Amino acid sequence: MKVPFVSFVPMEQELAAELRGAFERVFRASWYIKGKEDAAFESAFSEFCGREHCVGTGNGLDALILALEALGIGQGDEVIVPSDTYIATALAVTNAGAMPVFVEPDIRTYNIDPARIEEKITARTKAIMPVHLYGLPCDMDPIMDIARRHHLFVVEDCAQAHGAAYKGQAVGSFGDAAGFSFYPGKNLGALGDGGAVVTDSKALADKIRALGNYGSDYKYHNIYQGHNSRLDELQAAFLAAKLPHLNRMNAQRRVIAQRYLEGIRHPDVILPYVPEYASPVWHVFAVRTQKRDALAAYLADRGIGTMKHYPIPMHLQDCYRELQIPQGALPIAEEISATELSLPMYYGMTDAQIDAVIDAVNGFDR
């Protein structure tokens, strides 16, 4: 049986009428930027996240950049980020003009290890950017405690964690601000690109909105040297159509993950660890094995798609040579990069497909 790594078909077929209706509504209105659809989605998503304000952006990277810039973070500042995450997290820091400072993750959760943060804080540190990687919440209580004691901002990177919760509280509702991505493959994905920042501060939301609109607070009045990064009406309408279904679709991901956790029993495969505080949404189901490439090939031969997240750690990417961080300096990130393999995980997987993945992994014999 063929099992793709990801498929949007089941979700798109189920929501086809609502998505077409959203398109027709925008098309009839002939208003495509900063209109009623954007305002309606921002209101619904801020409520979903438990925040007072939401500002739509062009993509998830821009959401993080704008949040940092609005907080006044830039040249000469440092921002603490996990050493194991998608490169957009570090790019947000450097695009804002600041320096990313990498902190190693907990090898069990892949998320930033709070016990390692304080040793990296300097007089130049202005913020901590925890990433709820693969849809698993970070351990936020100690992170927030460190931030309070050192007078640091917290900007949550929630790009992969729409609907996840830490001790019953939604991710994105802890820090000064939180950035989300609505890239099509996300748990809440647009039919194109999009992002958003959520916060409880009206002043911060207003500044982010202006920064994303050429630095303008009203037409032809520019108070900042801003950007062009706005969530367009069409994507906002699609997201508003999908949002009421997100919790239900996340629930099915949890069922799939539980089936994997209970069914996969292979001595060479390390399964994800879920702390008691976490209610993950399983954007990715990431296993680890020293035989990663062999397992990926074995599964591919049986029609099962996989993905490697992320095979080159950020500090070893060509674009960050200037940081002069040598190989071996961040061994946990490097270990995860060399051993992580993501199994199929998407809404609409059938029982037969889940069984096929479990049986194939358990049958791995190379």
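Two strands count as paired if DSSP finds at least two bridges between them. Strands themselves are DSSP runs of E, at least two residues long, and helices are runs of H or I, at least four, both numbered from the N terminus. Keep that in mind for what follows.

Some ground rules. This is a predicted model, where local features need pLDDT of at least 70, side-chain atom pairs count only at pLDDT 80 or more, and totals for chains, interfaces and linings use all residues. Residues are numbered from 1 along each chain as its sequence is written, and side-chain values use heavy atoms, with hydrogens and water left out.

Start with strand S9, residues 195–199. Five of its five residues are buried, meaning under 20% relative accessible area with a 1.4 Å probe, protein chains only. Gly195, Val197 and Thr199 point one way, Ala196 and Val198 the other.

Who pairs with S9? Strand S1, residues 53–57, does so over five bridges, antiparallel. Strand S8, residues 177–181, does so over four, also antiparallel. Look at Val198: Cys54 stands opposite it, and so does Ala178.

Next, a small open sheet of three strands. The order is S7-S6-S12, with antiparallel pairing. S7 (169–170) and S12 (278–279) stand at the edges with a single partner strand each, so one side of each lacks a neighbour in the sheet. S6, residues 165–166, is joined to S7 by two bridges. Tyr166 stands opposite Gln169 there.

Now helices. H4 (residues 60–70) packs on H7 (residues 202–211) at about 120°, axes 9 Å apart. Axes here are lines fitted to C-alpha atoms over the stretch in contact, and angles run from 0 to 180 degrees between N-to-C directions. The pair is therefore oblique, the class left over once under 35 degrees is roughly parallel, over 145 roughly antiparallel and 65 to 115 roughly perpendicular.

Which residues of H4 meet H7? Leu66, Ala67, Glu69 and Ala70 do, against Leu204, Lys207, Ile208 and Leu211. Contact means heavy atoms within 4.5 Å. By class, that is six nonpolar, no polar and two charged residues.

Last, helix H8, residues 233–242. Eight of its ten residues are buried. Among them are Glu233, Phe238, Leu239 and Lys242. The buried residues pack against four helices: H1 (9–14), H2 (16–29), H3 (36–49) and H9 (246–263).

Definitions and conventions. Buried < 20%, exposed > 50% of the residue type's maximum accessible area, 1.4 Å probe, protein only. Nonpolar A, V, L, I, M, F, W, Y, C, P; charged D, E, K, R; others polar.
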